[in-house]
Amino acid sequence: MKTEKHFTTADEKNKTPVIIIEHLYKKFGTNVVLKDFSLTVQKEENVVVLGKSGSGKSVLIKCIIGLLKPDSGRIEVFGKNTPELDHDELDKIRAKIGFLFQGNALYDSMTVRENLEFPLRRHWIDFSQKEVDALVIEALENVSLAHTVDMMPEELSGGMLKRVALARTMILKPDVILYDEPTTGLDPVTAREIDNLILKLQKKYHTSSIIITHDMNCVKNTADRVALLLDGKCYAQGKYEEFEQSADKNIKQFFE
Amino acid sequence: MAITTNIKVFFGETGNIARFTGRFFSTGLKPRFEIRELLSQCYIIGYKSLPLIALTGFIMGLVLIMQLRPSLVDYGVESQLPVMVGIAIVREIGPVITALIFAGKIASSIGAELGSMKVTEQIDAMEVSGTNPFKYLVATRVLATTLMLPVLTVMGDAISLFGAYLGVNIKSVTSFKLFFTQVFHSLSFGDVSPAFFKTFFFGFAVGVIGCYKGYNSSKGTRGVGSSANSAVVLSSVLIFIIDLLAVQLTDLLGLN
């Protein structure tokens, strides 16, 4: 049996790839996490990377954004191989990529406003205070939390924290967003709100996304395409419905 | 077997701290400088430590007089109290006690702060926001501790001497002018300058160890607690080692 299943190829020729991952390897000590992993993300496409806990999903997106260096392989983002970039070049690429952390990673010593201002102030882009204020409010209005602007993260609920983190991720209007388990730890209602926000913001800003998750509702709601990460490889990819109907036991186990 | 392992751990840790210190000099001191964060850290580390240093310094001066007086009375040299206390505080007790109090407050706070930032991915979030976290978090804190401890020591010494002056006046009457004239006449360049300069090294050690332990904190709340704890222990030990080396060096240079 061919290990990599590719259910759907329609439309792909007409789209522009924004992320191309080829033959990616990453190991920690003797533990090989990614083993010849390849994946392409097209413009304005939501790709959900599905996999069990510890399968290397977070490692994958950390390699994409340059938080981890792969042992070998190519990660082309906007035509540039990110593992080969120096710090300044990587920063320029990072300004076009949003990253939503699993635990939100809001700076707990800063207010919501300061959290959102932080990426605006740091990416070598000159914004006036008026522009910064407008962007902060716009980002918070996108997630319906404009009233929390002067609150501290500790005053917010889990769902609100996730939405503020999403607002911070979106503030530079990135072309690509990497979501690390966006619905983990949230109740089903709040999780659906986050799914809807992901879709709403994608439509509004025409972003491409990689969403890391093992929440099947999130997969169903947000995925244009699903890729299954298994044994360090992209085991299968296709539409959600194709995955749902698959007879493959490695795929079926996610629907049971 | 256990001894071999401990020796390996000791040298491994020493090597890592040396590398971390090297990184501070090689990358932490290059532009872009985080002046705003440095000033903020100087305020937090320096200004906010002042009440504690002042209180402990005052008590130290007072207690020193109360402990010394009976012995000096026995020898009939009670009039030499200001001289003895002045030399003891300025040369040794002031810098070392201030540094130890400082290590207890600041190394633990830096270790816990950076440790929790590490485990909650705030350091990663900083990096993807176009910020070099080593420069922003480590370099600013190490510079702040290095610059602030000497200032705190001078202030601590002054308050300690004032405490000693009050202590002298509990059982006898000495004018403020006479007390401080006696103190300053007894002090030479060789007493003041080595004592002052070594505090820069004490401050540097507190900053480096606090940051190293926090920045390399392991996952979980236990890791953060352990970072804070070991930052205090190690920086306190280092203060004594630096003090020992400083005394030897002062002796070699003939400044004693």
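This is a short tour of a predicted model, from the contact between chains A and B to one strand of chain A.

**Stop 1: where the chains meet**

Show both chains. Select the residues in contact: 15 belong to chain A and ten to chain B. Now colour helix 2 (87-94) and helix 3 (112-122) of chain A. Each of these helices supplies at least two residues of the side of chain A that touches chain B. Which helix gives the most to that side? Helix 3 of chain A does, with three residues. Next, colour the side of chain A that touches chain B by residue type. Ten of its residues are nonpolar, three are charged and two are polar.

**Stop 2: strand 10 of chain A**

Move to residues 225-230 of chain A, which form strand 10. Is this strand mostly covered or mostly open? Mostly covered: five of its six residues are buried.

**Stop 3: the parallel partner**

Add strand 4 (residues 46-50) of chain A. Strand 4 pairs with strand 10 of chain A in the parallel sense, over four bridges. To find one of the bridges, select A:Val47 and its partner in strand 10, A:Arg225.

**Stop 4: the antiparallel partner**

Add strand 11 (residues 233-238) of chain A. Here the pairing with strand 10 of chain A is antiparallel, over five bridges. Select A:Val226 and look across to strand 11 of chain A: A:Gly238 stands opposite.

**Stop 5: the turn**

Follow strand 10 of chain A into strand 11. The two strands form a hairpin, with two residues between them. Finish on A:Asp231, in the turn, where phi is positive at about 50 degrees.

Key:
Residues numbered from 1 in each chain as written. Chains lettered and ligands numbered in written order. Predicted model: local features only at pLDDT ≥ 70, side-chain atom pairs only at ≥ 80, totals over all residues. Contact = placed C-beta atoms within 7 Å. Nonpolar A, V, L, I, M, F, W, Y, C, P; charged D, E, K, R; others polar. Buried ≥ 20, exposed ≤ 12 C-beta atoms within 10 Å, placed from the backbone. Pairing = 2+ DSSP bridges.
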